[in-house]
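Colleague: I am new to this structure. Could we go through it together?

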Amino acid sequence: MAHGKCGIALAGGGPLGAIYEIGALVALDEALIGLDLSACDVYVGVSSGGFFAAGLANGMTPRDLYRVFIETEAAHNPFEPNALLLPAVGEYLRCMAAAPELFAGALRQYLAAPLTLGFFESFLRLARSLPTGIFDNSRLAAWLAEHFSAPGRSNDFRELSHKLFVVATDLDASEAVAFGSPGWDDVPISRAVQASSALPGLFPPVEIRGRQYVDGALMKTLHASVALKEGVELLLCINPLVPFDDRQATSRRRHHPGSLVEGGLPVVLSQTFRAIIHSRMLIGMDHYRHQYPKADIVLFEPSGGDADMFFTNVFSYSSRKRLSEHAYQYTREQLRRRSAELSPILARHGITLDKATLEDENKRLGSSAPRRKRGRMEGAGHQLDQSLRELEKTLQAIAQQG
């Protein structure tokens, strides 16, 4: 029986979101029989989700991604999130070079009409000398370009066996661009991921074809419609960032501090950002279900009361391992809890839940050995091969009897 296209849509969320997505992807890959997550038809990634979508589209398994991003001591050429904390030196130098001229112009303007123009109004132009980003994410693009130059991989959208779309935002037009789509598939994958993950304020915009691009999440959280327009009939979505709800944390007896205000401006801004993008995503998901009624869209995300997903220091190596394990186990728990809901949906696409794997209480992300999985096409090929062999034996037996 032929089944329709399957796709994966991965939202952003910085290093924290990336760590959650790794744990969730490994859990899904282990539990879904009949679907190979590194051989889906369509991949869509936004921001940090673009990093993993590009890896999966290049044939990397979720466990491969786990090794290069989390269990780095066991990987050749791993990616360290600390590389994203390097200062944007080029941006600082550009701003320093422009500052004297801007200051002189502001001073001339103020002295020419000190009674008409206020001091602050005159010197407002000095804001142009502020850097557009604090950190430099060009190391991310360089690492991806090197990694995708290995045999069997490609940094070219057009050479991939599966469709990959990495979404960024054209800053000056406030428009989403899906790199990998016609007309945009000549941009290197590594450059597209760098642009998609350029969160304004943290990283400078990335120039492509004379235009400036920033984080794709500015327009939408998941951009699931990109995959649905490609005819995907089963779309697995992972959204790692949800707003924190201390009422859920209290009811689940999980450790959490007092009011988020006690965490200062970064925590307040994080909660605000999460609330905005999550409410927007929920509206989008509802819209997709009405616009694409024949498509099955399955969303996985953490609990709103998950204090670990909100307060963890993701740049600590031990924290990365612990948080990815946490995401792995939570996704396994979701699959068990939602089994009655998910089983019929997955069955429509020739996929089943591996209940033995999900019920194994000893499984751990860090210690679980990768197991050979058959995707739908490979499994069908295996069955066909077996049938042909049986037919051959039967024909031989008939010939001998004759």
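The questions below cover strands, cores, a helix, cysteines and charged pairs.

Modeller: Keep in mind throughout that this is a predicted model.

Colleague: Is strand β1 (residues 5–10) largely enclosed or open, and how many of its six residues are buried?

Modeller: β1 pairs in the parallel sense with strand β8 (residues 232–238) over six bridges, and with strand β3 (residues 42–46) over four bridges. Lys5 has Val232 as its bridge partner in β8, while Gly7 has Val42 in β3. The strand is largely enclosed by the rest of the structure, because the number of its six residues that are buried is five.

Colleague: Which helix gives the most residues to the largest nonpolar core?

Modeller: That core has 75 residues, and Phe51 is one of those with the most contacts inside it. Leaving aside residues up to four places away in sequence, Phe51 touches Phe69, Phe79, Leu140, Trp143, Leu144 and Val193. A second, separate core has 24 residues, among them Ala11 and Val46. The helix that gives the most to the largest core, with 11 residues, is α1 (residues 14–31).

Colleague: Within what arc do the buried residues of helix α13 (residues 339–347) fall?

Modeller: The buried residues in α13 are Ser339, Leu342, Ile345 and Leu346. Seen down the helix axis, they line one face of α13, because they fall within an arc of 135°.

Colleague: How many disulfides does the structure hold?

Modeller: A disulfide needs two cysteine sulfur atoms within 2.5 Å. Cys6 is buried at 1% relative accessibility, and the closest cysteine sulfur to its own is that of Cys40, 6.1 Å away and too far for a bond. Cys237 is also buried, with a relative accessible area of 0%. The number of disulfides in the structure is zero.

Colleague: How many residues apart in sequence are the parts tied together by Arg63 and Glu30?

Modeller: The side chains of these two residues meet in a salt bridge at 3.1 Å, N to O, and both are buried. Arg63 lies in helix α3 (residues 62–69) and Glu30 in helix α1, so the pair ties together parts whose separation in sequence is 33 residues.

Colleague: Which residue forms a salt bridge with Arg348?

Modeller: Arg348 is partly exposed, with a relative accessible area of 48%, and sits in the loop between α13 and β10 (352–353). The other residue of the pair is in strand β9 (residues 296–300), 52 residues apart from Arg348, and counts as buried at 13% relative accessibility. With the closest N and O atoms 2.8 Å apart, the partner of Arg348 is Asp296.

Notes:
Residues are numbered from 1 along each chain as its sequence is written. This is a predicted model: local features need pLDDT of at least 70, side-chain atom pairs count only at pLDDT 80 or more; totals for chains, interfaces and linings use all residues. Side-chain values use heavy atoms; hydrogens and water are left out. Buried means under 20% relative accessible area, exposed over 50%, partly exposed in between (1.4 Å probe, protein chains only). Helices (H or I, at least four residues) and strands (E, at least two) are DSSP runs, numbered from the N terminus. Two strands pair if DSSP finds at least two bridges between them. A nonpolar core is a set of buried Ala, Val, Leu, Ile, Met, Phe, Trp, Tyr and Cys residues joined through side-chain atoms within 4.5 Å. Contact means heavy atoms within 4.5 Å. The arc is that of the directions from the helix axis to the C-beta atoms. A salt bridge is a side-chain nitrogen of Lys or Arg within 4 Å of a carboxyl oxygen of Asp or Glu.
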